[in-house]
Amino acid sequence: MAKQIFVTGHKNPDTDSICSSIAYAKLKQLQGINAAPIRAGEPNKETAFALNYFNVTPQPLVKDFYVKVGEAVYSDVEGLAINASLKDAAKWFTDHESDVAPVVDNGQFVGVIEKAQLADQFIKTVMGEELSTVKGLVHDPELVFSPNDCGHDVPEKGRYAVVENGKYVGMVCASSIASVEKQQVILVDHNEKKQIIDGIDEASIVGVIDHHRIGGTLATDGPISILFKTVGCTATIVTGLYEQAGIAIPKDVAGLLLSAVISDTVLFRSPTCTPTDREAAEKLANIAGVDIEKYGMEMLKAGANVSDLTPDQIVHNDMKEFTGGDATFTVAQVQVMDTTDLLNQKQVLLNALEKLRAENGYVASFLMITSIIDESTNLIFAGNMDEAVSSAFGKDVLDKEVYLPKVMSRKKQVIPPILSAMK
């Protein structure tokens with residue numbers, strides 16, 4: 001049976017990433033396609049508010065796409081009993097294409113014996129010496145794997161025992177790993193490799209739906225379906241796909257799509273907002289049965305409360321990696337009603353940004369502290385980027401900070417000038 005197609009948003013998911021994943025997977029299901037939404041991280045407060053409001057359970061968390069040993073194990077390769085005779089051992093090697101035999105005691109893995117050891121026993125027979133037993137030959141292997149280990153760690157040559165909680169499971173080899181069906185993945189709300197769940201090289205991207213720039217070094221095994229539109233939100237695109245397919249949007253899904261549009265456009269205040277986003281939001285609000293302004297402010301306020309977040313959590317909030325030339329930098333963003341409390345702890349946040357930057361080898365780490373009310377951003381950063389930031393925004397950098405009035409959009413107003421200044 002073929003694997004489900006996974007529909008996923010980016011790492012450090014925002015509301016659009018979570019909600020568009022759920023909504024697009026639902027559309028595929030309604031079209032008779034075996035698809036399932038997944039997420040690359042925990043929902044933030046704003047997203048959690050939307051999920052709870054429309055009574056939708058978050059999709060399963062998937063941390064990586066690496067092929068696991070458990071997907072490739074030969075579970076029908078029985079172990080050699082510890083009380084087996086050498087004749088039994090010889091027969092085992094005759095029946096199996098392996099130079100190593102797993103040895104078990106009532107299902108529990110106790111070690112291995114090698115085919116070469118039987119040759120030594122044959123010499124003993126010729127010399128008239130007393131023969132050993134399987135129990136006497138068993139020893140610990142150099143390598144043993146568990147079902148959750150990554151398949152790419154299995155050496156090219158040889159077969160290896162797979163053990164879980166002390167119990168023998170089967171054998172694995174490089175060829176069995178290579179034969180595992182690749183996980184098919186549809187990306188929504190992102191396309192840059194650094195933002196994709198780890199291990200994507202061992203999966204197969206079959207589609208991308210996005211509203212961001214095309215960046216990074218993403219490559220696929222063959223032709224895929226790609227849909228990019230210059231709108232403020234991926235959810236707007238997904239809404240259009242429901243209409244194109246002639247499929248009614250379920251009420252709860254409409255609520256999630258509306259939440260995503262409100263979030264990404266900051267209730268239509270962001271310069272990324274287009275008439276298409278507004279039209280989609282109005283249709284979705286009618287289906288979901290909510291007042292856009294009232295619900296939107298409630299949701300944004302829920303997400304704007306960062307008082308209980310640690311500095312480390314704040315600098316990781318909605319964080320994305322970007323690459324300019326050979327340099328990688330990060331930009332996180334928090335949207336609040338009042339920036340005063342965050343700016344009062346600026347030095348603590350700069351220390352957290354520097355820790356993030358240094359530990360990961362980033363050229364810089366930025367944090368957008370965005371005021372929903374004032375429609376402005378205080379951009380603070382760690383890293384030797386003062387000259388580039390000054391050039392990017394035409395402003396003097398004061399203590400690792402620039403104030404950017406009328407700036408709310410990372411993708412449209414922050415990333416492009418920084419990348420341009422880095423060239």
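In which sense do S8 and S9 pair, parallel or antiparallel, and over how many bridges? Parallel, over five bridges, where strands count as paired if DSSP finds at least two bridges between them. Quick word on the naming: helices (H or I, at least four residues) and strands (E, at least two) are DSSP runs, numbered from the N terminus.

Before I go on, some housekeeping. This is a predicted model, so local features need pLDDT of at least 70 and side-chain atom pairs count only at pLDDT 80 or more, while totals for chains, interfaces and linings use all residues. Residues are numbered from 1 along each chain as its sequence is written, and side-chain values use heavy atoms, with hydrogens and water left out.

Okay, back to the sheet. S9 covers residues 204–210, and on the S8 side, Val-188 has Ile-209 of S9 as its bridge partner. S9 also pairs with S10, residues 225–228, again in the parallel sense, over four bridges. There, Val-208 is matched with Ile-226 in S10. And S9 is mostly covered, with six of its seven residues buried. Buried, for me, is under 20% relative accessible area, exposed is over 50%, and partly exposed is in between, with a 1.4 Å probe and protein chains only.

Now the core. By nonpolar core I mean a set of buried Ala, Val, Leu, Ile, Met, Phe, Trp, Tyr and Cys residues joined through side-chain atoms within 4.5 Å. The largest one has 49 residues, and the members that touch the most others are Tyr-24, Leu-257, Leu-258, Ile-262, Ile-292 and Tyr-295. Several elements give two or more residues to this core, including strand S1 (5–8), helix H1 (15–30), strand S8 (184–188) and helix H11 (292–304). Which helix gives the most? That's H9, with eight residues. Take Leu-257: setting aside neighbours within four places in sequence, its contacts (heavy atoms within 4.5 Å) are Ala-23, Ala-235, Val-238, Thr-239, Ile-249 and Leu-284. There's a second, separate core too, of 21 residues, with Leu-80, Val-112, Ala-161 and Val-163 among them.

What about disulfides, meaning cysteine sulfur atoms paired within 2.5 Å? The count is zero. Cys-19 is in none, and the nearest cysteine sulfur, on Cys-233, is 8.6 Å away. Cys-19 is buried, at 0% relative accessible area. Cys-150 isn't in one either; for that residue the nearest cysteine sulfur belongs to Cys-173, 17 Å away. Cys-150 counts as buried as well, at 18% relative accessibility.

A couple of backbone oddities, then. Glu-375 isn't a glycine, yet has a positive phi of about 55°. You'll find Glu-375 in the loop between strand S13 (364–371) and strand S14 (376–382), and at 23% relative accessibility this residue is partly exposed. Asp-399 is also a non-glycine with positive phi, near 50°. Asp-399 sits in the loop between helix H15 (386–393) and strand S15 (401–405).

Last stop, Glu-42. Where is this residue? In the loop between strand S2 (35–38) and H2. Buried or exposed? Exposed, at 53% relative accessibility. Not counting residues up to four places away in sequence, Glu-42 touches Pro-13 and Leu-61. The Glu-42 side chain also makes a polar contact, at 3.3 Å, with the side chain of Arg-39. A polar contact here is a pair of N or O atoms within 3.5 Å; within protein, one must be able to donate a hydrogen and the other to accept it, and residues adjacent in sequence count only if both atoms are side-chain atoms. And for scale, the C-alpha atoms of Glu-42 and Ile-113 are 46 Å apart, with those positions 71 residues apart along the chain numbering.

Methods
Disulfide = S-S within 2.5 Å.
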